[in-house]
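This report is meant for a reader meeting the structure for the first time. It moves from single residues to the way the helices are arranged, and then back to individual positions.

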Amino acid sequence: RTHRLLAAKAASGKTFDQIADEVGLTNTYTAQLLLGQAKLSAATAPKLKLSLPEISDEDIKAMVETFPMRRFDPAILQEPN
């Protein structure tokens with residue numbers, strides 16, 4: 001899905017800033033949405049579809065209903081000593 005979302009962004013010619021302004025989110029959160037790292041709210045879904053009409057309804061639905069996969073890696077936080 002991430003490839004399709006980024007392809008829709010590329011086809012639009014818009015930057016993350018432009019999409020964020022149209023959707024009413026920060027550019028960081030908008031990037032996280034398109035990279036599958038954040039959940040899309042049902043209230044924001046129609047705005048994103050207007051901003052990036054090439055995103056399929058199925059992808060919009062999945063972005064609203066599916067929680068992003070996140071995990072914790074304790075090795076990242078360990079001291080090098």
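## Val23 and its surroundings

Val23 has a relative accessibility of 4% and therefore counts as buried, since the cut-off for that class is under 20%. The model in which this value was computed is a predicted one. Val23 is found in helix α2, and once residues up to four places away in sequence are set aside, Val23 touches Thr44, Lys47, Leu48 and Ser51. One of these partners, Ser51, is 28 residues from Val23 in sequence, yet the C-alpha atoms of Val23 and Ser51 are 7.0 Å apart in space.

Thr44, another residue that Val23 touches, lies in the loop between α3 and α4. With a relative accessible area of 10%, Thr44 is buried, although this residue belongs to a loop. Leaving aside neighbours within four places in sequence, Thr44 is in contact with Val23 and Leu25.

## The chain as a whole

The chain has five helices and zero strands, so that a reader following the sequence meets the pattern α-α-α-α-α. Of the 81 residues in the chain, 30% count as buried. When contacts with a separation of 6 or more are considered, residues 24 or more positions apart account for 52% of them.

Aromatic rings were also examined for pairing, and the count comes to zero aromatic pairs. A ring does, however, take part in an arrangement with a charged side chain, in that Lys9 lies over the face of Phe16, at 4.6 Å from the ring centre.

## How α2 meets α3

Helix α2, which covers residues 16-23, packs with α3 at an angle of about 100°, and the axes of the two helices are 8 Å apart. The helices α2 and α3 are therefore roughly perpendicular to each other, because an angle from 65 to 115 degrees is placed in that class. On the α2 side the residues that meet α3 are Phe16, Asp17, Ile19 and Ala20, while the residues they meet in α3 are Asn27, Thr30, Ala31 and Leu34.

Thr30 shows this meeting from the α3 side, for its place is in helix α3. At 2% relative accessibility, Thr30 counts as buried. Not counting residues up to four places away in sequence, Thr30 touches Phe16, Ile19, Ala20 and Leu25, and among these Phe16, Ile19 and Ala20 are α2 residues that meet α3.

## Thr28, a second threonine in α3

Is Thr28 buried, exposed or partly exposed? Thr28 is found in helix α3, which runs over residues 27-34, and at 48% relative accessibility Thr28 counts as partly exposed. The side chain of Thr28 makes a polar contact with the side chain of Asn27, at 3.4 Å. Thr28 and Asp17 are eleven residues apart along the chain, and their C-alpha atoms are separated by 8.6 Å.

## Helix α5 and its partners

Helix α5 comprises residues 57-65, and within it Asp59, Ile60, Ala62, Met63 and Val64 are buried. The buried residues of α5 pack against three helices, namely α1 (2-12), α3 and α4 (45-51).

Ile60, which lies in helix α5, gives a closer view of this packing. At 10% relative accessibility, Ile60 counts as buried. When residues up to four places away in sequence are not counted, Ile60 touches Leu40, Ala45, Leu48, Lys49 and Ile55. Ile60 and Leu5 are 55 residues apart in sequence, while their C-alpha atoms are 9.5 Å apart in space.

Which class of accessibility does Glu58 fall into? The place of Glu58 is also in helix α5, but at 58% relative accessibility Glu58 counts as exposed, because the cut-off for that class is over 50%. Glu58 and Arg1 are 57 residues apart along the chain, and a distance of 9.9 Å separates their C-alpha atoms.

Notes. Residues numbered from 1 in each chain as written. Predicted model: local features only at pLDDT ≥ 70, side-chain atom pairs only at ≥ 80, totals over all residues. Heavy atoms only, no water. Phe/Tyr/Trp six-rings, centres within 6.5 Å; stacked < 30°, edge-to-face > 60°. Lys NZ or Arg CZ within 6 Å of the ring centre and 35° of its normal. Helix = DSSP H or I, 4+ residues; strand = E, 2+ residues; numbered from the N terminus. Buried < 20%, exposed > 50% of the residue type's maximum accessible area, 1.4 Å probe, protein only. Polar contact = N/O pair within 3.5 Å; in protein donor to acceptor, adjacent residues only side chain to side chain. Axes fitted to C-alpha atoms, helices over the stretch in contact; angles between N-to-C directions. Parallel < 35°, antiparallel > 145°, perpendicular 65-115°, else oblique. Contact = heavy atoms within 4.5 Å.
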